[in-house]
Amino acid sequence: MKHVEVDNHKLMFHPERVAEWKKKDDCVPIYIEVGLTNACNHRCIFCALDYLGKKRDFMNSDVLKSALRSMGEIGVKSVMFAGEGEPLMHKDIGDFVQTAKASGLDVSITTNGVLFDKEKREQCLPYLSWIRFSIDSGSPKNYAEVHVTKQSDFSRVIENIEEAVKLRNTKGLETTIGAQFLVIPQNTREVVKLARILRNVGVDNLQIKPYSHHPNSLNDLVVNLKRFNKLKKPLEKFNSERFEIKFRTATAERIEEGATYPRCYGTPFFALIDAKGNVIPCNLFYENEKFTFGNLYQQRFEEIWNGERRREVLERLYRRDISQCRRGCRLDADNRYLHRLKNPHPHDNFI
């Protein structure tokens, strides 16, 4: 089993891109998250984007495939299909995955897994670096309560994962198959149950993630650090050469501490594309034209990234008070590293 780092940044593995950023205060992004649709088959009580309401937008297939090719051409390294809704609800998910891979991008999916049927498994799995299933309970009843869906979806997800593991092993694929469990007050007693199920199914890892409140979200389900950390010891017994619990203690500590830097340095390394084709800095800015770089229905991705509009938005973003941002956001660890590069310690040359 390959060890995968999920509780820290990975910018140290991209020194050329970091050097570009240090020189220009900008660079080609390493990683793009794409929302294929804002529709979802679940209404999770912890959804960070609950304030957006119900939507039914689906990305135009030709527009997105063109954008994926443009990303590959300018040097983007990876793409994850996730976003506001459930990516497997888009009928062309397999085509997108294959186009991205053919464009030189590493590809991944985050999904609730209910729709990962035989056809989608065969279309997607051979081309993915990894797939992560969001399963935030260990029993049908609690799963239905936190995902706001029917109880039968729980067994369906587990069955789909089991079939994915079989397909991966039969075909000798390199795809990492993992799951994540977002800890909220309503599910803390479920985590050991899920770990036992997934270890037996044969997935590679289970991430235990702390909840972080999105500033615009209607829900606020924070579990304090002490209570979160109490879940770690009962899970340690499940670790083996074939199955790893990734308990995200460092992320939880960063959430509790809050930002230690004055601005978001990591924005040039990442972008998000929503289901309407808008390119935005992060998930704080859905449906916020003031912080939208551009739209793929109007411009190629490369034109948006190198355009004057994006530079204007970045200047506006850098003037924004960092305290308005989400604690422990996706770029938090990157920002701490980049801030240190901007403000070196006097002993840094003593390696």
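**Nonpolar cores and enclosed cavities**

The largest nonpolar core of this predicted model has 76 residues, and those with the most contacts inside it are F81, I135, I161, L198, L206, I208 and F301. A nonpolar core is here a set of buried Ala, Val, Leu, Ile, Met, Phe, Trp, Tyr and Cys residues joined through side-chain atoms within 4.5 Å, where buried means under 20% relative accessible area (1.4 Å probe, protein chains only). Helix α6 (residues 152–171) gives the most to this core, with seven residues; helices are DSSP runs of H or I, at least four residues, numbered from the N terminus. Apart from this core lies another, of 21 residues, including C27, I30, L49 and M80.

L198 illustrates the packing partners. Leaving aside neighbours within four places in sequence, L198 is in contact (heavy atoms within 4.5 Å) with I135, I158, I161, A179, V203, L206 and F243.

The cavities come next. A cavity is a set of points on a 1 Å grid over the protein atoms alone where a 1.4 Å probe fits but cannot get out, and its lining residues have an atom within 4 Å of a point. The whole structure holds two cavities of 30 Å³ or more. The largest encloses about 60 Å³, and its lining consists of N38, L52, K55, E84, D274, K276, Y286 and E287. The second largest has a volume of about 40 Å³ and is lined by R263, C264, L317, Y318, R320, D321, I322 and C325.

Residues are numbered from 1 along each chain as its sequence is written. In this predicted model, local features need pLDDT of at least 70, side-chain atom pairs count only at pLDDT 80 or more, and totals for chains, interfaces and linings use all residues, while side-chain values use heavy atoms, with hydrogens and water left out.

Notes. Buried means under 20% relative accessible area, exposed over 50%, partly exposed in between (1.4 Å probe, protein chains only). Helices (H or I, at least four residues) and strands (E, at least two) are DSSP runs, numbered from the N terminus. On a 1 Å grid over the protein atoms alone, a cavity is a set of points where a 1.4 Å probe fits but cannot get out, and a pocket is an open set with protein on both sides within 12 Å along at least five of seven lines; lining residues have an atom within 4 Å of a point. Grid points are joined across faces, edges and corners, and a volume is the space filled by probe spheres set on the points.
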